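Reader: I'm new to this one and would like to know what the labels rest on. Could you walk me through it?

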Amino acid sequence: MKASPGVTPPSGMAPLWADSAAEGPRVADSPSTFIPHVIAWNLTRRCNLACAHCYISAGSWESAEAELDTDSCRGIIDQILEVNPSPLLILSGGEPLVRVDLEDIARHASEGGATVVVGTNGTGLTAERIDSLVDAGVKGVALSVDSLDPTYHDRFRHGDGALAETLEAVDRLGERGLDFLIQFSVTKGNRHELDEIVAWSAEKGAVCLNVYFLVETGRGEGMRGLSPEDNDIVLQRLTELQREYRGRLMIRSKCQPQLMRHVYENDAESPLLHYRTRCPCGVQYCRITPEGKVTPCPYMPEVAGDLSERSFGEIWSEATVFRLLREGELGGKCGRCEYREICGGCRARAYAADGDFLGPDTSCAYEPEGRNEPVRPAVSVTYGDAASLDMTWSPEATARLESIPSFVRGVVASRVEKFAREHGRDRVTLELMGEVRRSMPVDFSKRLPFFAGGRPGNDQARRKH
């Protein structure tokens, strides 16, 4: 659904696609600064489950009638690639596995230069389907596990036996060498399982655990998330866990950028400080609906444009909602908070509260001190930056760098050059990139396609099959 090599690499290392969605610095230099690094695409509203908090209100009663057909999807992919030749494309739903053309869409995007991942509930991930996704160029899968207790998970997801099927899929992914991350939606009913879910995810070989906090939209509109005070307690624990599991499992909050305040205050060595996780909606991230509407993110249904009427590039550069998200001033306590540059609150939650996507995030317990000067990390933030090369790179190393997603290319380049300088090298080669890879924690060193070449897990999959 979140790679920084170096001499002493940040041990939160994971495959590039895991550094996704929805994380990037907020910048305001010029229109060309705003690049759609990550696009989430809800390909369908159809789903075999009916999860309580589903932002798109998906279910088995939905039909394929309004969905974009295969050729339309290919055309939109081409438009996206004109704006950014190497984005991260998240194919989701509903349940994307219900689309028989999922692999066709994924293959077209992958062969065009996109990094493609699939977000699924996992119940349909048979061994054959995993193999076909890999063959289509899919580089990773995100699966939802909201409890290791089948009673809770199946009730929350409205599907008998759903947890058992998803856990079987996790084992199949490990066997076939396709990287995966776990999505965990924290609620009052499962927050006590957080430590257990983290330990289980690490044991199973997940590259990342994303902890989601409820945004009251879609079917989630009738739910209530944790109180601001309880959110803060969970974020404090996540700060401890992301430090404890560094080098084994990347741990992040989603739709709760307030994690960055805790990390800033309590973990100066955290690799998260290299990634400004302020809400990127409309800045470096957007969503496409099954009907072809573009919105700032899956949790904000404000329509920026219709792809049946305008091109993706036109919508991205000209839509009013995007311009306001990029240039507008935050209101309420988010606007006066000293952490507004590294947090800034969830824009979708502000929108869900009263329709004002520049308003305050009501889930936050922090009361700002009102300092005029915003807090900024001491480290250089390079997430989403263009690769600035200060050293000579061999043609082969340059080609390898250009093959990775745009949103982390600057991070990779700066870390590789740091390694080179500290080891007395004046030129970056494929061999040096291999040294960087070997210097990383063993758990993550095998999951880095930009050093190893090719898709994550493919060599392992070929050995087993």
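Reader: Are Tyr-152 and Phe-156 buried or exposed?

Author: A word first: this is a predicted model. Both Tyr-152 and Phe-156 are buried, and that label goes to residues under 20% relative accessible area.

Reader: What makes Tyr-152 and Phe-156 a stacked pair?

Author: Two values do the work here. A pair of aromatic rings is described by the distance of the centres and the angle of the planes. For Tyr-152 and Phe-156 the centres lie 5.8 Å apart and the planes differ by 15°. Rings pair if their centres lie within 6.5 Å, and planes under 30 degrees apart count as stacked. So with 5.8 Å and 15°, Tyr-152 and Phe-156 count as a stacked pair.

Reader: What about Tyr-351 and Phe-357: why is that pair called stacked?

Author: Run the check again. Tyr-351 and Phe-357 have 6.4 Å from centre to centre, within the 6.5 Å cut-off, and 25° between the planes, under the 30 degrees for stacking, so the pair is stacked. Tyr-351 and Phe-357 are both buried too.

Reader: Where do Tyr-152 and Phe-156 sit along the chain?

Author: They are in helix α4, residues 150-157. Because Tyr-152 and Phe-156 are four residues apart in that helix, about one helical turn separates them.

Reader: How many aromatic pairs turn up in the whole structure, and which residues do ring pairs link into a cluster?

Author: The search finds seven aromatic pairs. Tyr-264, Tyr-339 and Tyr-366 are linked into a cluster by ring pairs.

Reader: Why does Tyr-366 count as buried?

Author: Its relative accessibility is 15%, and buried means under 20%, so Tyr-366 counts as buried. You'll find Tyr-366 in the loop between α12 (347-354) and β11 (392-393).

Reader: What does Tyr-366 touch, apart from residues up to four places away in sequence?

Author: Tyr-366 touches Arg-261, Lys-333, Cys-337, Glu-338 and Tyr-339. Take Lys-333: it is 33 residues from Tyr-366 in sequence, while their C-alpha atoms are 9.0 Å apart. If 9.0 Å sounds odd for a contact, remember that contact means heavy atoms within 4.5 Å, whereas the 9.0 Å runs from C-alpha to C-alpha.

Reader: What makes Arg-326 count as lying over the face of Trp-316?

Author: Arg-326 lies 4.5 Å from the ring centre of Trp-316. The distance cut-off for CZ of Arg is 6 Å, and there is an angle test as well, within 35 degrees of the ring normal. The distance of 4.5 Å fits that cut-off, and Arg-326 is listed as lying over the face of Trp-316.

Reader: Trp-316 again: which residues is Ile-35 in contact with, leaving aside neighbours within four places in sequence?

Author: Ile-35 is in contact with Asn-84, Val-283, Gln-284 and Trp-316. Ile-35 and Asn-84 are 49 residues apart in sequence, but 6.9 Å apart from C-alpha to C-alpha. Ile-35 itself lies in the segment before β1 (38-42).

Reader: Why is Ile-35 called partly exposed?

Author: Its relative accessible area is 27%, and partly exposed covers the range between under 20% and over 50%, so Ile-35 gets that label. Ser-57 works out likewise: at 25% relative accessibility, Ser-57 counts as partly exposed.

Reader: What is notable about phi of Ser-57?

Author: Phi of Ser-57 is near 55°, which is positive in a residue other than glycine. Ser-57 is in the loop between β1 and α1 (70-83). Cys-255 also has a positive phi without being a glycine, at about 60°. The place of Cys-255 is the loop between β7 (250-254) and α8 (259-266).

Reader: What about the peptide bond from Gly-93 to Gly-94?

Author: That bond is cis, with omega near 15°. Gly-94 is in the loop between β2 (88-92) and α2 (102-112).

Reader: Last one: which residues lie nearest the centre of the second largest cavity?

Author: They are Gln-258, Cys-334, Cys-337, Cys-343 and Cys-364, out of 14 lining residues. The lining divides into seven nonpolar, three polar and four charged residues, and the space in the second largest cavity is about 120 Å³. Cysteine counts as nonpolar, so those four named cysteines fall in the nonpolar group.

Terms used: Residues are numbered from 1 along each chain as its sequence is written. This is a predicted model: local features need pLDDT of at least 70, side-chain atom pairs count only at pLDDT 80 or more; totals for chains, interfaces and linings use all residues. Side-chain values use heavy atoms; hydrogens and water are left out. On a 1 Å grid over the protein atoms alone, a cavity is a set of points where a 1.4 Å probe fits but cannot get out, and a pocket is an open set with protein on both sides within 12 Å along at least five of seven lines; lining residues have an atom within 4 Å of a point. Grid points are joined across faces, edges and corners, and a volume is the space filled by probe spheres set on the points. Rings of Phe, Tyr and Trp (its six-membered ring) pair if their centres lie within 6.5 Å; planes under 30 degrees apart count as stacked, over 60 as edge-to-face and the rest as tilted. Helices (H or I, at least four residues) and strands (E, at least two) are DSSP runs, numbered from the N terminus. Buried means under 20% relative accessible area, exposed over 50%, partly exposed in between (1.4 Å probe, protein chains only).
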